[in-house]
Amino acid sequence: MRFLLGLSRAIDTLTEGVGRAVVWLVLLVALLSAGNAIMRYGFSYSSNAYLEAQWYMFSLIFLLGGAYALKHNAHVRIDLVFGRFSRRTQAWIDLVGTVLFLLPMALGVIYLAWPWAMNSFWGKEMSPDVGGLPRWPIKLALPLGFALLALQGLSELIKRIAFLTGHLQLKEEREEVVE
C-alpha cells in the first residue's frame, strides 16, 4: 500500500501542477477575449487566429482542469444525498463510481480520440478559416486531458481503498493524511 500511496501522491502533484498552470489560462482567455472585442468594435479589426485562440484556451481550461477539479472534489455531485452518508459509505460510492463510470469513460475517450488526434498531428491539420491556427494541438489536448483525468481517477481510487483498509485518513475537505 505504501507504493500505491506514493504513486497517488505523485499523480496528485502532477494534477496540482497542471491545475495551477491552467488557472492562468482563465486570465489569459479573459484578456484575449477583451482585447479581441476592443480590436473588433473599436478598430474594426478582427482575426480568426484570435477567435480560435480563445476557443482553444477555453477548451484547455476544461480539458486539462478536469483532473484538478476531481482532486479538489469540485466536480458535480448530488451533495444533498451524498453528504448524509457516513465517510465509509461515501468512500464506497466514490470507489464504485470510479471503477464503473469514471475510468471506463476516460479510457474509452482516450481510445477513440487518440487515432483522431494522431491523424490530425501527422497530417499537420490546419483551420479551414483564413488566418486560422493549427488544429492538431487542440485535438491532442483531448486524449491528454482525459489521460490526466484517468490518472487522477486512479489516485482517488487508491486513496479510497487506503481509507477503507485503514491506511489513510480522509479529512472533511478531502485532504489526505497518511497514518
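This is a short talk on helix packing, a nonpolar surface patch and a salt bridge in one structure. One caution first: the model is predicted.

Let's start with α1 and α2. Helix α1 covers residues 2-43. Helix α2 covers residues 48-71. Their axes come within 8 Å. The crossing angle is roughly 155°. Over 145 counts as roughly antiparallel, so α1 and α2 are roughly antiparallel to each other. The crossing is left-handed. What sits in that contact? The residues of α1 with α2 split into 17 nonpolar, six polar and five charged.

Next pair: α4 and α5. Helix α4 takes residues 87-122, and helix α5 takes residues 136-164. Again the axes come within 8 Å, here crossing at roughly 160°. That makes this pair roughly antiparallel too. α4 passes α5 in a left-handed crossing. As for the contact of α4 with α5, its residues divide into 30 nonpolar, three polar and five charged.

Now the third pair, α1 and α5. How do their axes cross? At roughly 140°, coming within 9 Å. With that angle, α1 is oblique to α5. The antiparallel class needs an angle over 145. The handedness of the α1 and α5 crossing is left-handed.

Stay with α1 and α5, and look at the surface. There is a nonpolar patch of about 640 Å². Which residues make it? Met1, Phe3, Leu4, Leu7, Leu14, Leu151, Leu154 and Ile161. Both α1 and α5 supply at least two residues each. The largest share is from α1, with four residues. Methionine 1 is not in that helix; its place is the segment before α1. So, on your screens, find Met1 at the start of the chain, ahead of α1. Then pick up Leu151, Leu154 and Ile161 in the patch as well.

Last topic: charge pairs. Side chains of opposite charge can pair when their charged atoms come close. How many salt bridges does a search of the whole structure find? Eight. I'll show one of them. Arginine 135 pairs with glutamate 52. Their closest N and O atoms are 3.8 Å apart. Where are the two partners? Arginine 135 is in the loop between α4 and α5, while glutamate 52 is in helix α2, so this bridge ties together parts 83 residues apart in sequence.

To recap. α1 with α2 is roughly antiparallel. α4 with α5 is also roughly antiparallel. α1 with α5 is oblique. And α1 and α5 each contribute to the nonpolar patch. Over to you.

Definitions and conventions. Residues are numbered from 1 along each chain as its sequence is written. This is a predicted model: local features need pLDDT of at least 70, side-chain atom pairs count only at pLDDT 80 or more; totals for chains, interfaces and linings use all residues. Side-chain values use heavy atoms; hydrogens and water are left out. Axes are lines fitted to C-alpha atoms, for helices over the stretch in contact, and angles run from 0 to 180 degrees between N-to-C directions. Angles under 35 degrees count as roughly parallel, over 145 as roughly antiparallel, 65 to 115 as roughly perpendicular and the rest as oblique. A crossing is left-handed if the near helix is turned anticlockwise from the far one by less than a right angle, and right-handed if clockwise. Ala, Val, Leu, Ile, Met, Phe, Trp, Tyr, Cys and Pro count as nonpolar, Asp, Glu, Lys and Arg as charged, and the others, Gly among them, as polar. Patches are made of residues with over 30% relative accessible area and no salt bridge: like charges are joined within 9 Å, nonpolar side chains (Val, Leu, Ile, Met, Phe, Trp, Tyr) within 5 Å. Accessible areas come from the Shrake-Rupley method with a 1.4 Å probe; for residues, only the protein chains shown count as cover. A salt bridge is a side-chain nitrogen of Lys or Arg within 4 Å of a carboxyl oxygen of Asp or Glu.
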